[in-house]
Every structure is written in structure tokens, then in C-alpha cells.
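Let's take a walk through this model, one stop at a time. Keep the sequence and the 3D view open side by side as you read.

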Amino acid sequence: MKTSSILTKGTLAFLLLGALTFTACKKEASQSKEEELNTVESTESNNEAEAAYDDVFNNTMGIGAEANGESLGITAGVGIFGRMEGGDITGRVDSIRCFTITVSPNTPGVFPKTVTINFGDGCLGRDGKLRKGKIITVFTGPMGIPGSKATTTFENHKIDSVKVQGKHEVTNNSTSNNRIFTTKVIEGKLTWDSGRWVAWNSVRTVAQIEGNGTPFWPLDDIFSITGGGRGENSRGKTWGHEVIEPLIKKFSCRWISKGVMRIKFNNTGGLLNFGDGRCDNKAELTINGNVRIIILP
């Protein structure tokens, strides 16, 4: 009877240990799944910020000579200034506009110069986006000249239902062989009408790797993007983002078409792969061996 009692206690201890181990495994699996979902959410928030401030870059760097006879941006025919046909970017300047541009001082060659793009109460672009408010950019010189800098702030600016805030900077760090730009988003914030928000900071190096020899023909321009930053959203998620394989952005494509970015939420790291160079709005996010398709804004 004594032996039987000892065996029973041992069996109970074994079963209890097994139950605790099973519970711990379930808890770990649950935590891992939650980390994955949080990383997916962080990646989607990061992509939303990426798209919004890329829109700012395209629009401010697309300011051509039509404003005051002096080209201020990098490439005409980009962003809101570009003509689209059948949803494709043509590289040509669109003369049909629902926004206005003011330049102060308006005298060519006099800097710094403040340029205001005013979308008013609503301006529907050829890209299908409804923009409102103002984008205000101070140029220290034409952005085609090394050393020039453009600093952008916003006045009640919205893209569809998203209010854009913060500061956006572009500096020309080009060499004699290549066009190179540093872009910064400082205390950026996107706020939806629903109250949801994403805060974002970023520093990037944008280098032109193809098309340098044809400055007046932008359709062959291809850029390599490196850098990183951090983000936070209204659900309390914070993350870091870092380019680990240069992102490839073609002038002729709306989205990044190649390269890999790491999105890190807590101790979970996700790799966002933008593809093999084909132009589409899909990227693959790999977390702990699991792959999800992410739709780019």
C-alpha cells in the first residue's frame, strides 16, 4: 500500500508537470501569434506613412519652371504635376490642375524662396486622391544644385481622409557622378478622420542609379533607397524600420518594386520583401517563417 501511494503521488506530479508544460507552451504560442499580428499591424502602419510622405516628396520635387520661370524641383512631371494615361505615369507635365502655386519672392534667382501649393477645400488628382489644404516648402536654392535644401511644413493638409503633419526635408548631396538626396521626416504624424493616428520619423538616402545621362527624360530614372527610422500608432504599437537590401523605386512605377526592409516590433522581426523588380502593389512579409501578402497603399 505504501508503494502504491508513492506511485500515485509520482503519477500526479508527472501529470501536473505535463499540464503546466502544456499551458506554458500554449501561452508561448499565443504570445508568439500576438507578436506576429502586432508586427503585421506595425508594417501596415509603416507603409501608410511611407506612402503619405513619398507623396510629399513627389509633389514638392515636381515643381517645375511654370511657377515663376525657374525650375525648383528635381524632375518635372512627377507627383501632382505629372500627366497620367490609363493609370500609367507618362513623364509629361499635366496642364490641367485644380490647385494653385504661389512663389515668394517671385524674382528668379532670389533665395530662400517659399512655395505654397494650395489645394483649397478639395482637389481631386489624376491619381484619384483628394487633397486639401496647403503644402508649404522653403527652398534654399534650386534642388538640382548640390547643397540645396527644401523644407516642407503643412497647413490643414489632407490626403483623402488623412491629415498630414510634421516636417519633411530634402537635401541635395549629389556628387559629380550621381544624384544623391537625403530625405528626413521629422515628427511626422498622420491622423484619420476616425481618430486613428500614426507617428513616424525617418532618414533616407535616395541615390539615382539609372537615368543620370538623360536629365530631361525621367521615365528611365531608377532610384536606390537606404535608411531607417521608427514609428508609433494610436493602438500603442511602436516599431523600428531599417532597409537591409536597397529599395528600388522606378520613376515609371507608383510603388517600390524591389528590396527588403526589416520591421521590428519588440523582439519580433519581420522582413518585408518588395519583390523582383516587377511593378505591383504587393510585398511579402515573413515573420517566424510565416509569409503574409501585404498590399501597398
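Where is the place of Asn47? Asn47 sits in helix H1. Before going further, keep in mind that what you're looking at is a predicted model. Asn47 has a relative accessible area of 6%, so it counts as buried. Setting aside the neighbours within four places in sequence, the residues in contact with Asn47 are Leu272, Ile294, Leu296 and Pro297.

Stay on helix H1, which spans residues 2-61, and look for the aromatic residue Tyr53. Which residue does Tyr53 form an aromatic pair with? The partner is Trp200, and the two rings are stacked, with 6.0 Å from centre to centre and 10° between the planes. A search of the whole structure turns up 2 aromatic pairs, and the one between Tyr53 and Trp200 is an aromatic pair worth pausing on. Trp200 belongs to strand E10 (residues 197-210) while Tyr53 is in helix H1, so the pair ties together parts that are 147 residues apart in sequence. Are Tyr53 and Trp200 buried or exposed? Both of them are buried.

Helix H1 has another link to offer, this time through charge. In general, side chains of opposite charge can pair when their charged atoms come close. Here Asp55 meets Arg131 in a salt bridge, at 2.8 Å from N to O. Asp55 is in helix H1 and Arg131 in strand E6 (residues 130-139), so to speak two distant parts of the chain, 76 residues apart, that the pair links. Like the aromatic pair before them, these are residues out of the open: both Arg131 and Asp55 are buried. Asp127 joins in too, as Asp55, Asp127 and Arg131 are linked in a network of salt bridges.

How many salt bridges does the structure hold? There are 11, and two more of them join strands. Lys149 forms a salt bridge with Glu169, with the closest N and O atoms 3.7 Å apart. This pair links distant parts of the chain, with Lys149 in strand E7 (residues 149-159) and Glu169 in strand E8 (residues 162-172), 20 residues apart. The two ends sit in unlike surroundings: Lys149 has a relative accessible area of 30%, so it is partly exposed, whereas Glu169, at 12%, is buried.

Now find Arg262, which forms a salt bridge with Glu242, the closest N and O atoms being 3.4 Å apart. Because Arg262 lies in strand E13 (residues 256-265) and Glu242 in strand E12 (residues 238-250), the pair ties together parts that are 20 residues apart in sequence. Arg262 is partly exposed at 33% relative accessibility, and Glu242 is partly exposed with a relative accessible area of 42%.

From strand E13, carry on along the chain. E13 pairs with strand E14 (residues 268-276) in the antiparallel sense, over 7 bridges. One place to spot this is Phe265, whose bridge partner in E14 is Thr268. The two strands form a hairpin with 2 residues between them, and Asn266 in the turn has a positive phi of about 50°. E14 also pairs in the antiparallel sense with strand E15 (residues 282-287), over 4 bridges. There, the bridge partner of Leu271 is Thr286, in E15. The hairpin of E14 and E15 has 5 residues between the strands, and Gly277 takes a positive phi near 115°.

That brings us to backbone oddities. Most residues other than glycine have a negative phi, and most peptide bonds are trans. Asn288 has a positive phi of about 50° although it isn't a glycine, and you'll find Asn288 in the loop between E15 and strand E16 (290-295). Glu187 has a positive phi too, near 50°. Glu187 is in strand E9 (residues 180-192) and is exposed, with a relative accessible area of 56%.

Where are cis peptide bonds to be found? One runs from Ser104 to Pro105, with omega near -5°. Pro105 is in the loop between strand E3 (100-104) and strand E4 (113-118). Another joins Phe111 and Pro112, with omega about 0°, and Pro112 lies in the loop between E3 and E4.

Phe111 has something over its ring as well: Lys113 lies over the face, at 4.9 Å from the ring centre. For another arrangement of this kind, turn to Trp192, where Arg196 lies over the face of the ring at 3.8 Å from its centre.

Terms used. Residues are numbered from 1 along each chain as its sequence is written. This is a predicted model: local features need pLDDT of at least 70, side-chain atom pairs count only at pLDDT 80 or more; totals for chains, interfaces and linings use all residues. Side-chain values use heavy atoms; hydrogens and water are left out. Rings of Phe, Tyr and Trp (its six-membered ring) pair if their centres lie within 6.5 Å; planes under 30 degrees apart count as stacked, over 60 as edge-to-face and the rest as tilted. Buried means under 20% relative accessible area, exposed over 50%, partly exposed in between (1.4 Å probe, protein chains only). A charge sits over a ring if NZ of Lys or CZ of Arg is within 6 Å of the ring centre and within 35 degrees of the ring normal. A salt bridge is a side-chain nitrogen of Lys or Arg within 4 Å of a carboxyl oxygen of Asp or Glu. Two strands pair if DSSP finds at least two bridges between them. Contact means heavy atoms within 4.5 Å.
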